[in-house]
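Colleague: Got a minute to go through this one with me? Put it up and let's start.

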Amino acid sequence: MRLLRALLRAASPAGLPQQVDFYARFSPSPLSMKQFLDFGSENACEKTSFMFLRQELPVRLANIMKEISLLPDNLLKTPSVQLVQSWYVQSLQEILDFKDKSAEDSEVIHRFTDTVITIRNRHNDVIPTMAQGVIEYKESFGVDPVTCQNVQYFLDRFYMSRISIRMLLNQHSLLFGGKIKVNPAHPKHIGSINPNCNVVEVIKDGYENAKRLCDLYYMSSPELVLEELNAKSSGQPMQVVYVPSHLYHMVFELFKISDRGGGVPMRKIDGLFNYMYSTAPRPRVETSRATPLAGFGYGLPISRLYAQYFQGDLKLYSLEGYGTDAVIYIKALSTESIERLPVYNKSAWKHYVENHEADDWCVPSSEPKDMTTFRSI
């Protein structure tokens, strides 16, 4: 908390720490996929979007900024985490600059849209930069089970918040940020949403890119066997109201683990969704344009968050010795696809500051005790 306030004082005008406290008292307002669609297709109005975002973005930013401040001091002091914090401070200040501006002034609206695009681009590398901070902390101080649990809890919420903020920024910038109102590459998209997202096409796209990387790194790749079954309209393509980039991210990651190559041992399944778990060498941090096949080990945890963001899920079912199945659940109705958003409140605060009691079940060591060396006392 002290470090965040120091950053706020150093990088922004007086009063911003109080603004963070003020906006963090409010809960974010989750939107449904139908609301995103209705606004973009029927009532697309830059002024209305401006009025909503200048209130909602500070709430979402402030909520997660309060949680960042509760991380261990040594993690907060890493250069990478400090950089991420500075991005959030700067972005919050830029949005708050429009708090009292007139919504009737077209120049204000235009500048706000430019600011939204600037913030979106500034946050492009939030995921790898925060991941780098965790690595810096882990290498310098190690991790105990309690810290690991708190970091896991935080990163799930932090990255979910980031997905939701980026969704708002993308919708506004795609709907109002260009001279051409209809994207010629995706004329039927409403912002980043495709009302008729062809599931098979996204799967094929994800496979081709995963195959290309697999061939590059391992000189071989498995073939894709794809079966499509539309239970509602037999013989018709399977379509869903969804964000294609979210679905692509999920299937791209899953192509790397869904197999019949022996499966994943049951004891390691949970580890696949742990941000501290990765079998890959430490990656180099460059830019968001670089996409290594394996890096920070965040592919599956982030993919699950994308699925959960609109009330879906991602599950792994592994049969050791046989193979692994991965299942993506997506809500069929746009009215039920509602944002899942973290809220900073007393329950969240308690998770960080209260001591976790010791487990009341014994935890076996990784190696069984050699009883031949056991000596009685």
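Colleague: What follows H10, and what's its phi?

Modeller: Met 219 comes right after H10, with a positive phi near 65 degrees. This is a predicted model, so local features need pLDDT of at least 70, side-chain atom pairs count only at pLDDT 80 or more, and totals for chains, interfaces and linings use all residues. Residues are numbered from 1 along each chain as its sequence is written, and side-chain values use heavy atoms, leaving out hydrogens and water.

Colleague: How far does H10 reach?

Modeller: H10 spans residues 199-218 and reaches 27 Å from first C-alpha to last, close to the 28 Å expected at 1.5 Å a residue (1.5 Å times one less than the number of residues). Helices here are DSSP runs of H or I, at least four residues, and strands are E runs of at least two, numbered from the N terminus.

Colleague: And which residues does the face turned away from the buried side carry?

Modeller: Exposed ones: Glu 201, Arg 212 and Leu 216. Exposed means over 50% relative accessible area, buried under 20%, partly exposed in between, with a 1.4 Å probe and protein chains only.

Colleague: What do the buried residues of H10 pack against?

Modeller: Strand S1 (194-198), strand S2 (239-242) and H11, where contact means heavy atoms within 4.5 Å. H11 (residues 244-254) is itself mostly covered, with 8 of its 11 residues buried.

Colleague: Switching topic: where does Arg 340 lie?

Modeller: In the loop between strand S4 (323-329) and helix H14 (346-353). Arg 340 counts as partly exposed because its relative accessibility is 44%.
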